[in-house]
Protein chains: 2
Amino acid sequence: MNPATYGTYLVTQASVSAGRETTEIVEAALDGGIDVVQLREKKTTAQRRYELGLEVREITAGADVDLIVNDRVDIAQAIDADGVHLGQSDLPVAVARELLGPEAVIGCSASTVDEARRAEADGADYLGVGTVYGTTSKEVDAYKDGVGPERIAEITDAVSIPVVGIGGITAANAGSVVDAGAVGVAVISEITAAEDPCAATESLAAAVETAKAMGDTPPHDG
Amino acid sequence: MNPATYGTYLVTQASVSAGRETTEIVEAALDGGIDVVQLREKKTTAQRRYELGLEVREITAGADVDLIVNDRVDIAQAIDADGVHLGQSDLPVAVARELLGPEAVIGCSASTVDEARRAEADGADYLGVGTVYGTTSKEVDAYKDGVGPERIAEITDAVSIPVVGIGGITAANAGSVVDAGAVGVAVISEITAAEDPCAATESLAAAVETAKAMGDTPPHDG
């Protein structure tokens, strides 16, 4: 799949899923139109991530949606995922590329222009940029230690690979992230902790689509 | 390499190396005659394990000694290690075999006969059995929650792959582990925390060799 199509991006984490199974959350998000799923689940064992990954792989493949594994290249290979997402302390992008081959999708976290440029040079297919909003507060003057949409704009200006915003993004502020140049938004609890994860996905997708449609509309000549 | 030759087995862990670099410990152990090195380093990032792994790979290859990576199949592949060592909560042995191929050395931790039999059936090349001694105390009546040499004997009777004992093993008690049927002994702090890691390795190797020589001597007829 093409990361340029990653408008809504679910990152799974059982520990913030209100006691529900990750498979249940993923199914709801797929019903709501999610574009890509990342198996995160940092707090569990490799064995459990592998077993859960096999289940999520089956569900996402049935919906023709990409599955990305956080950090572990070996688990991605073992469950036949579409790729991996690497943080700045994980295996280097170039090493993952060597192991996974040219077809795999490799994403990389970046919070600065330098990190973004290096990831692109090393062969990343997309960037996860954040934390955008340090809190989910609506107060615009905050970003409480988040990099804000301004950093999204700086990074999308500096690289040519797609950028997905992550961190504190909701249906209410997703439009600002897309307006700043992101192809999409990645969320954990906005979907996993939602009372209705399907509806939460639909709201997020609608916000992204609306912002894109506005962005695509040529300005009226006065 | 053949795991049947793993008489002395070093498991690295920078956090119990008295402030010294893991590469320094490995070099000293190689000077002392260590037979195999496992890169453990559980408390650090994947990036750091990879970088350290490249250094340790160069050192061990120069000495023609096997290098095994704990848990991470991808790091083993990335640094061209000889294999992996898997715990009961890591990726399954059969999955690692699929990823690494038939030539790789795959070890598996086992503390019961059932775990040992399953690991052998799944394709493990050797077993790490322990904790043998829950404390490093010399009091024979202790094993303080360790499985003791008796479990080594039960497991070596039940499987045909080589068994290495691990946990609380010192030059003083290594002979009992070998007498019980282990091909060798694995240690962390006995070498990593030693004032002289080279001498500690030599003492351990001498204890293992002595026990093997005694075991190989046919009993005198009365």
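## A first look at the two chains

Glu154(B) and Arg151(B) sit three residues apart, about one turn of the helix, and both belong to helix 6 (residues 148-158) of chain B. That makes a handy way into this predicted model. The two side chains form a salt bridge, with their closest N and O atoms 3.5 Å apart. Why might such a spacing suit a pair like this? An α-helix has 3.6 residues a turn, so residues three or four places apart point the same way. Glu154(B) is partly exposed, with a relative accessible area of 41%, and Arg151(B) also counts as partly exposed, at 25%.

Over all chains, the structure holds 10 salt bridges. Here are some of them, side by side.

| Salt bridge | Closest N to O |
|---|---|
| Glu154(B) and Arg151(B) | 3.5 Å |
| Arg72(A) and Asp71(B) | 3.3 Å |
| Asp71(A) and Arg72(B) | 3.3 Å |
| Arg72(A) and Asp74(A) | 2.9 Å |

### Where the chains meet

How many salt bridges run between chain B and chain A? The count is two. One joins Arg72(A) to Asp71(B). Another brings together the side chains of Asp71(A) and Arg72(B). That pair crosses from the loop between strand 3 (66-70) and helix 3 (73-78) of chain A, home of Asp71(A), to the loop between strand 3 (66-70) and helix 3 of chain B, home of Arg72(B). Asp71(A) and Arg72(B) are both buried. They also belong to a bigger arrangement: Asp71(A), Arg72(B) and Asp74(B) are linked in a network of salt bridges.

Within chain A, Arg72(A) has a salt bridge to Asp74(A) as well. Are these two buried or exposed? Arg72(A) is buried, with a relative accessible area of 6%, and Asp74(A) is buried too, at 0%.

Now step back to the whole contact. Chain B puts in 18 residues and chain A puts in 18 residues. About 1500 Å² is buried between chain B and chain A, and carbon and sulfur atoms give 63% of that area. There are also nine residue pairs in polar contact between the chains, counting pairs where both residues have pLDDT 80 or more. On the chain B side, the elements giving two or more residues are helix 2 (46-62), helix 3 (73-78) and helix 4 (93-100). Helix 3 of chain B gives the most, with five residues. By class, the chain B side has nine nonpolar, five polar and four charged residues.

### Inside the chains

Next, helix 1. In chain A, helix 1 (residues 22-31) is largely enclosed by the rest of the structure, because seven of its 10 residues are buried. Those buried residues are Thr22(A), Thr23(A), Ile25(A), Val26(A), Ala28(A), Ala29(A) and Leu30(A). What covers them includes strand 1 (8-11), strand 2 (36-39), helix 2 (46-62), helix 8 (189-192) and helix 9 (197-216) of chain A. Just after helix 1 of chain A, Gly33(A) takes a positive phi of about 95°.

Over in chain B, Thr22(B) lies in helix 1 (residues 22-31). Thr22(B) is buried, with a relative accessible area of 4%. Beyond residues up to four places away in sequence, Thr22(B) touches Thr12(B), Ala14(B), Glu41(B), Leu52(B) and Val56(B).

Finally, the largest nonpolar core has 113 residues, and Leu127(A) and Leu127(B) have the most contacts inside it. Setting aside neighbours within four places in sequence, Leu127(B) is in contact with residues including Cys108(B), Ala110(B), Ile155(B), Val159(B) and Pro162(B).

Technical notes. Residues are numbered from 1 along each chain as its sequence is written. Chains are lettered from A and ligands numbered from 1 in the order in which they are written. This is a predicted model: local features need pLDDT of at least 70, side-chain atom pairs count only at pLDDT 80 or more; totals for chains, interfaces and linings use all residues. Side-chain values use heavy atoms; hydrogens and water are left out. A nonpolar core is a set of buried Ala, Val, Leu, Ile, Met, Phe, Trp, Tyr and Cys residues joined through side-chain atoms within 4.5 Å. Buried means under 20% relative accessible area, exposed over 50%, partly exposed in between (1.4 Å probe, protein chains only). Contact means heavy atoms within 4.5 Å. Helices (H or I, at least four residues) and strands (E, at least two) are DSSP runs, numbered from the N terminus. Buried area is the accessible area (1.4 Å probe) that two parts lose on being put together, summed over both. A salt bridge is a side-chain nitrogen of Lys or Arg within 4 Å of a carboxyl oxygen of Asp or Glu. A polar contact is a pair of N or O atoms within 3.5 Å; within protein, one must be able to donate a hydrogen and the other to accept it, and residues adjacent in sequence count only if both atoms are side-chain atoms. Ala, Val, Leu, Ile, Met, Phe, Trp, Tyr, Cys and Pro count as nonpolar, Asp, Glu, Lys and Arg as charged, and the others, Gly among them, as polar.
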